[in-house]
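Thank you for making time this morning. I would like to walk you through one model, going from a metal site outwards, and I will ask a few questions along the way.

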Amino acid sequence: MLTATRPQFTINRIGKHLGAEISGIDLSQELDDDTFARVAEAFFDNEVVFFRNQKLTPAQQVAFTRRFGILEQHVRKESRLAGHPEILIVSNLLDDKGNAIGSQDAGRFWHSDLSYKAEPSMLSALYSVEVPIKDGRILGDTSFASTTAAYAALPEATKQRLQGLKNVHSYRYYRNKNARAQEEELARGGRVIQEHMPTEEQLKTVPDVETPVVRTHPVTKRKGLFLNEAHTSGIAGMPKAEGDALLAELYAHIIKPEFVYCHQWQAGDLLMWDNCAAQHKATFDYDLPQRRLMYRTTVRGTAPF
Ligand SMILES: [Fe+2]
């Protein structure tokens with residue numbers, strides 16, 4: 001019979017408003033309920049947490065993250081790990097036919113995962129299998145910004161203005177924006193990031209949704225800005241120019257350095273972020289033969305309010 005482990009662990013906050021390292025836990029072992037509850041509390045409190053030096057099988061990653069809720073299966077079936085449909089492959093690796101083995105963009109724009117769904121993701125967990133290294137330096141950092149700290153720091157007048165506003169989250173908008181960005185990169189002679197574009201059938205499964213601009217976190221009850229440059233196509237009911245100006249102002253505010261934690265990956269990291277309280281963006285400073293391979297699991301959330 002398996003016995004659940006009850007380790008002592010430590011939490012070291014690193015970013016000013018988000019980001020903490022949890023040490024002393026082996027996630028390949030089943031955690032007892034009390035330890036899991038304390039890990040979950042630390043996670044929601046810090047918005048981004050990471051565990052170094054983990055050795056996880058896909059099944060162990062699925063088992064740990066499943067304790068937070070129902071795991072999503074990504075719209076793009078092609079990017080799921082064979083035998084583990086809950087795992088999205090995030091990688092720049094190609095198969096022997098030269099096709100991307102997973103999702104390669106890993107977040108070209110600031111976003112929170114699956115925000116275009118009626119019930120957007122609660123949290124995502126990324127397990128780092130291989131990290132790109134050049135001249136002894138690890139590349140491919142991921143930046144995270146606290147949307148709750150950014151909201152709290154807004155002037156009172158702006159908070160009033162945002163009250164009751166909704167924004168439209170659209171996977172179709174994102175698909176088109178991504179396609180344009182790739183074309184522009186190509187025109188500049190830049191690197192093509194090969195990406196599985198969702199088909200029309202796949203797009204139909206995720207119709208546009210309207211969500212509150214100011215969202216209350218379902219667990220911590222903190223208020224945060226729930227909009228992002230990848231998925232938000234506009235402010236509902238507002239003339240486009242006015243809405244775009246407001247969005248640009250808020251996007252710039254959210255990514256002020258004081259609200260950002262930048263993670264430098266190591267192989268063996270399991271990092272989790274709270275999609276209700278943070279957004280993230282990848283850095284593309286690596287290319288083959290530097291290899292990057294990560295596995296993502298995503299826990300389903302609830303409709304924003
Ligand atoms: Fe993402």
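Let me begin with His111, which counts as buried because its relative accessibility is 8%, and buried here means under 20%. Please keep in mind throughout that this is a predicted model. Asp113 is buried as well, with a relative accessible area of 3%.

What coordinates the iron ion? The donors are NE2 of His111, OD of Asp113 and NE2 of His280, at 2.1 to 2.2 Å. Along the chain, the donors of the iron ion follow the spacing H-x1-D-x166-H. I would add one caution, which is that water is not among the atoms, so the site may look incomplete.

One of the iron donors, His280, leads us to Ser143, since among the residues in contact with Ser143 are His280 and its sequence neighbours Gln279 and Lys281. Where does Ser143 sit? Ser143 lies in strand E9, which covers residues 142-146, and at 14% relative accessibility Ser143 counts as buried. Leaving aside neighbours within four places in sequence, Ser143 also contacts Trp110, Val260, Tyr261 and Cys262.

Let me turn to the nonpolar interior. The largest nonpolar core has 33 residues, and the members that touch the most others are Ile25, Leu27, Phe51, Phe64, Phe68, Leu270 and Met272. Among the elements that give two or more residues to this core are helix H1 (33-46), helix H2 (58-66), strand E3 (48-51) and strand E16 (270-274). Which element gives the largest share? That is H1, with 6 residues. To take Leu27 as an example, and not counting residues up to four places away in sequence, Leu27 touches Phe51, Gln54, Leu56, Phe64 and Leu270. There is also a second, separate core of 20 residues, and Trp110, which we met as a contact of Ser143, is included in that second core together with Leu154, Leu162 and Tyr251.

Finally, I would like to show you a sheet. It is an open sheet of 3 strands in the order E11-E10-E14, with antiparallel pairing. The edge strands, each pairing on one side only, are strand E11 (209-212) and strand E14 (232-235), and the twist averages 30° from one strand to the next. Strand E10, residues 166-169, is joined to E14 by 3 bridges, and the two run antiparallel. Within this sheet, Asn167 stands opposite Ile235 in E14.

Note on methods
Residues are numbered from 1 along each chain as its sequence is written. This is a predicted model: local features need pLDDT of at least 70, side-chain atom pairs count only at pLDDT 80 or more; totals for chains, interfaces and linings use all residues. Side-chain values use heavy atoms; hydrogens and water are left out. A nonpolar core is a set of buried Ala, Val, Leu, Ile, Met, Phe, Trp, Tyr and Cys residues joined through side-chain atoms within 4.5 Å. Buried means under 20% relative accessible area, exposed over 50%, partly exposed in between (1.4 Å probe, protein chains only). Helices (H or I, at least four residues) and strands (E, at least two) are DSSP runs, numbered from the N terminus. Contact means heavy atoms within 4.5 Å. Two strands pair if DSSP finds at least two bridges between them. Axes are lines fitted to C-alpha atoms, for helices over the stretch in contact, and angles run from 0 to 180 degrees between N-to-C directions. Donors are N, O and S atoms within 2.8 Å of the metal (3.2 Å for Na, K and Ca); water is not among the atoms, so sites may look incomplete.
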